[in-house]
2 protein chains.
Amino acid sequence: MSATSTARERARAELTREIKDAARRQLAEVGAHGLSLRAVARELGMVSSALYRYFPSRDQLLTALIIDAYNAIGEAAESADNPGQDPRERWRAIWHAARAWAREHPHEYALIYGSPIPGYQAPQDTIASAGRVALALVEVIKSGALRPIPDSPELPDQLREQAAVLTATLGVDLSATTMTRLLMAWTQLFGSISFELFGQYVNSVDPSDAFFAHTTRQMADFVGLV
Amino acid sequence: MSATSTARERARAELTREIKDAARRQLAEVGAHGLSLRAVARELGMVSSALYRYFPSRDQLLTALIIDAYNAIGEAAESADNPGQDPRERWRAIWHAARAWAREHPHEYALIYGSPIPGYQAPQDTIASAGRVALALVEVIKSGALRPIPDSPELPDQLREQAAVLTATLGVDLSATTMTRLLMAWTQLFGSISFELFGQYVNSVDPSDAFFAHTTRQMADFVGLV
DNA sequence: TTTCGTCAAGAGCAGTGCTCTCTAATTTGT
DNA sequence: ACAAATTAGAGAGCACTGCTCTTGACGAAA
């Protein structure tokens, strides 16, 4: 009676999913700015106030979509990664999968990597999902032989310590220099995608396929992938 | 009678400025999402419909603020640049000025480097202002001696041509490899700032001063600044 | 001085997020 | 099996939004 969900619980779970699906559909059409609770309710044939039994506010609905989007792009990256292949190819696959997902879901991408929308949505719920793409890159680094990178002596102490904390929590054995370079590569990955999607590359590298592919290789070199 | 503006024209220009100032003030408080025409009108002691004599829509007001923001961060970068100093110091000054401006005006920064807000604002009006920070970096590259970077043979043709067009329109003599690296550095600059402001660095490089300073140096190396 | 274009104001429309109350249905405890 | 407690949806309503249209007053040119 507790494990096997009651009919009401099943209905609730299903409706919650349907609401998110409808919201995602609308998000793809009109963007986060134009997402309307009433329109979602209309599409589902219910009245707007009923939605509040499932999501206490519009921002909470958006937060749910944010978490889903983080998981979606993370899963895209993970399933593009084939641990059997050589590290450089794995690196390339993850980068391109992330970009492909972003281009297929531009509004969802903007939701997670664009300007934060509400006052501040709780980041605590999202951090677990938010790190999946980065984690996939870490896995590649972990597995692959790295070209030795000379330790940068000018690395500031603050950064050295932050890198140390990161390698400890990730359970990976990387020098502070390499960890920092990986952070830069991670930044470069999403910086490139954002610039492409947000129109910053028009008049410079507008079809940015070649630029992105080249960036992918350059950053693989940069972190020391053989 | 035409050059020396009539009283009416002066009043119109002044009110246009006051409206933008009030909107900017409100933007800094509640963000683009919460910017309300009626609230702006209220602050100016006028009725909301009167604003439409100055800006035909809310999005047009935002577009005006976008152009102003591009110019503001561009000017911050330009005035931080001292052509008398050595190239690496100029590079550092520009990077830090851009970051400082962004941290002081987070909502204005989100307006220009975050997710595009309306359907699509005309980019044609903004491209002139949008390139000023990048142009400042180009100026530094132009002036400074560059460590020679071996030409990447794997540079795709599409990218080679895009780089050639860019160097031509910018009137600067750079190899396709260096031009591409400059584009990557430009991406890294705003990628880092966006990640910091949009909360992507929490739990990794949270006070990101050291990371940003290090990134600045690394990218100076990357483009070949001596 | 009269005419004409511009301006602020006001009312109003359609839409929004959200709250509250009411009724119907389902789950739960006895 | 029945009553009590919980949960669901419907509807009305509040305060707010962007935006349009009309009306009357003011300033500039003829």
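## Around the DNA strands

Let's start at DNA strand C: the surface near it is made of 9 nonpolar, 6 polar and 7 charged residues. In this tally Ala, Val, Leu, Ile, Met, Phe, Trp, Tyr, Cys and Pro count as nonpolar, Asp, Glu, Lys and Arg as charged, and the others, Gly among them, as polar. This is a predicted model, where local features need pLDDT of at least 70 and side-chain atom pairs count only at pLDDT 80 or more, while totals for chains, interfaces and linings use all residues. Residues are numbered from 1 along each chain as its sequence is written, and chains are lettered from A and ligands numbered from 1 in the order in which they are written.

Which residues come nearest to DNA strand C? Of the 22 around it, they are A:Ala7, A:Ser49, A:Ser57, B:Met46 and B:Ser49. (A residue is near a strand if its C-beta atom, placed from the backbone, lies within 6 Å of it.) DNA strand D is surrounded by 22 residues, with A:Ser49, B:Ala7, B:Ser49, B:Ser57 and B:Arg58 the closest. From chain A, helix H1 (7-34) and helix H3 (48-51) each give two or more residues to the surface near strand D; from chain B, helices H1 (7-34), H2 (37-43), H3 (48-51) and H4 (58-80) do so. That surface divides into 9 nonpolar, 6 polar and 7 charged residues.

## Chain A by itself

Chain A has 11 helices and 0 strands. Helices (H or I, at least four residues) and strands (E, at least two) are DSSP runs, numbered from the N terminus. The C-alpha trace of chain A spans about 65 × 50 × 35 Å along its principal axes.

Of the 226 residues in chain A, 39% are buried, meaning that 20 or more other C-beta atoms lie within 10 Å of the residue's own, with C-beta atoms placed from the backbone. Now look at contacts in chain A between residues at least 6 apart in sequence: 70% of them join residues at least 24 apart. Two residues are in contact if their C-beta atoms, placed from the backbone, lie within 7 Å.

## Where the two chains meet

How many residues does each chain bring to the contact? Chain A gives 39 and chain B gives 39. On the chain A side, helix H9 (157-170), helix H10 (176-197) and helix H11 (209-223) each give two or more residues. H10(A) gives the most, with 10 residues. The chain A side divides into 20 nonpolar, 17 polar and 2 charged residues.

H10(A) also meets H10(B): their axes come within 8 Å and cross at roughly 95 degrees. Such axes are lines fitted to C-alpha atoms, for helices over the stretch in contact, and angles run from 0 to 180 degrees between N-to-C directions. The two helices are therefore roughly perpendicular to each other, a label for angles of 65 to 115 degrees. Among the residues that meet here are A:Met184 and A:Phe195 in H10(A), and B:Met184 and B:Phe195 in H10(B). This helix contact has 6 nonpolar, 10 polar and no charged residues.

## How the copies are related

A rotation of 180 degrees with 0.0 Å of shift along its axis superposes chain A on chain B, with an RMSD of 0.1 Å. The two copies are thus related as by a two-fold rotation axis. The superposition is by least squares on the C-alpha atoms of residues with pLDDT of at least 70 in both. The same surface serves both copies, as 100% of the contact residues of chain A recur in chain B.

Conventions. Buried ≥ 20, exposed ≤ 12 C-beta atoms within 10 Å, placed from the backbone. Parallel < 35°, antiparallel > 145°, perpendicular 65-115°, else oblique.
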